[in-house]
Amino acid sequence: MARVVVDVMLKPEILDPQGQAVQRALPRLGFEGISDVRQGKRFELEVDGPVDEAALARIRDLAESFLANTVIEDFTVRVDEVAEATK
């Protein structure tokens with residue numbers, strides 16, 4: 001079993017009010033020097049069997065059609081190497 005991670009982020013041109021709220025709060029909490037915050041979503045998928053190009057293609061299709069709103073969000077798909085190394 002392998003873990004595949006899908007990270008979904010708002011496109012750079014889309015305003016991120018939640019990220020802006022976090023950014024504004026950071027100095028009040030003592031965290032200086034952070035110039036920008038963007039919030040996203042992370043999905044961890046446990047995949048039965050090998051994660052080959054066919055499996056990654058299916059997961060990209062899943063991300064594009066279900067996990068991300070591709071009008072306003074970008075996504076990346078990657079195999080979690082840390083999870084693979086700890087097996």
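Let me begin with a pair of facing residues: Val 8 stands opposite Lys 41 in S2. The model I am presenting is a predicted one. I shall work outward from this pair to the strands, then to the charged residues, and finally to one helix.

First, the strands. S1 and S2 run antiparallel and are joined by eight bridges. S1 is also joined to S3, by seven bridges, and this pairing is antiparallel as well. Within the S1 and S3 pairing, Leu 10 has Glu 73 as its bridge partner in S3.

Now to Lys 41 itself. Lys 41 belongs to strand S2, which covers residues 40-47. Its relative accessible area is 35%, so Lys 41 is partly exposed. Beyond four places in sequence, its contacts are Val 6, Asp 7, Val 8, Leu 67 and Glu 73. One of these, Leu 67, is 26 residues away in sequence, with a C-alpha to C-alpha distance of 9.1 Å. Another, Glu 73, is a polar partner: the two side chains make a polar contact at 3.4 Å.

That brings us to Glu 73, which is placed in strand S3. Is Glu 73 buried or exposed? Glu 73 counts as buried because its relative accessible area is 11%, and the cut-off for buried is under 20%. Besides the 3.4 Å polar contact with the side chain of Lys 41, the side chain of Glu 73 reaches the backbone nitrogen of Asn 69 at 2.7 Å. With neighbours within four places in sequence left aside, the residues in contact with Glu 73 are Val 8, Met 9, Leu 10, Lys 11, Lys 41, Leu 67 and Ala 68. Val 8, with which I began, is thus among the contacts of Glu 73.

Lys 11, also on that list, deserves separate attention. Lys 11 sits in the loop that runs between strand S1 (2-10) and helix H1 (17-28). Which side chain of opposite charge is nearest to Lys 11? That side chain is Asp 74, 4.3 Å away. Lys 11 is buried yet has no salt bridge, because a salt bridge requires the nitrogen and the carboxyl oxygen to be within 4 Å. Apart from neighbours within four places in sequence, Lys 11 is in contact with Arg 38, Thr 70, Val 71, Ile 72, Glu 73 and Asp 74.

Let me turn to the salt bridges that do form. How many salt bridges does a search of the whole structure find? The search finds six. In one of them, the side chains of Asp 80 and Arg 3 meet at 3.5 Å, N to O. This pair links distant parts of the chain, 77 residues apart: Asp 80 lies in the loop between strand S3 (73-79) and helix H3 (81-85), and Arg 3 in strand S1. Asp 80 is buried, with a relative accessible area of 8%, whereas Arg 3, at 24%, counts as partly exposed.

A further salt bridge brings together the side chains of Asp 7 and Arg 78, at 3.8 Å, N to O. Here too the pair links distant parts of the chain, with Asp 7 in strand S1 and Arg 78 in strand S3, 71 residues apart. Asp 7 is partly exposed at 23% relative accessible area, and Arg 78 is partly exposed at 36%.

Arg 42 and Glu 44 form another salt bridge, in which the closest N and O atoms are 2.8 Å apart. Through shared partners, salt bridges join Arg 3, Arg 42, Glu 44, Glu 46 and Asp 80 into one network. Arg 42 counts as partly exposed, with 43% relative accessibility, and Glu 44 likewise counts as partly exposed at 43%.

My last topic is helix H2. In this helix, residues 53-67, the buried positions include Ala 55, Leu 56, Ile 59, Ala 63 and Leu 67. Why do they fall on the same side of H2? They do so because they cover an arc of only 95 degrees around the axis. As a general matter, an α-helix has 3.6 residues a turn, so residues three or four places apart point the same way. On the other side of H2, Glu 53, Arg 58 and Ser 65 are exposed.

What covers the buried residues of H2? The cover includes S1, S2 and S3. Leu 67, one of those buried residues, returns us to the starting point, for Leu 67 is among the contacts of Lys 41 and also among those of Glu 73.

Terms used: Residues are numbered from 1 along each chain as its sequence is written. This is a predicted model: local features need pLDDT of at least 70, side-chain atom pairs count only at pLDDT 80 or more; totals for chains, interfaces and linings use all residues. Side-chain values use heavy atoms; hydrogens and water are left out. Helices (H or I, at least four residues) and strands (E, at least two) are DSSP runs, numbered from the N terminus. Buried means under 20% relative accessible area, exposed over 50%, partly exposed in between (1.4 Å probe, protein chains only). Lys and Arg count as positive and Asp and Glu as negative; His and the chain ends are not counted. Contact means heavy atoms within 4.5 Å. A polar contact is a pair of N or O atoms within 3.5 Å; within protein, one must be able to donate a hydrogen and the other to accept it, and residues adjacent in sequence count only if both atoms are side-chain atoms. The arc is that of the directions from the helix axis to the C-beta atoms. Two strands pair if DSSP finds at least two bridges between them.
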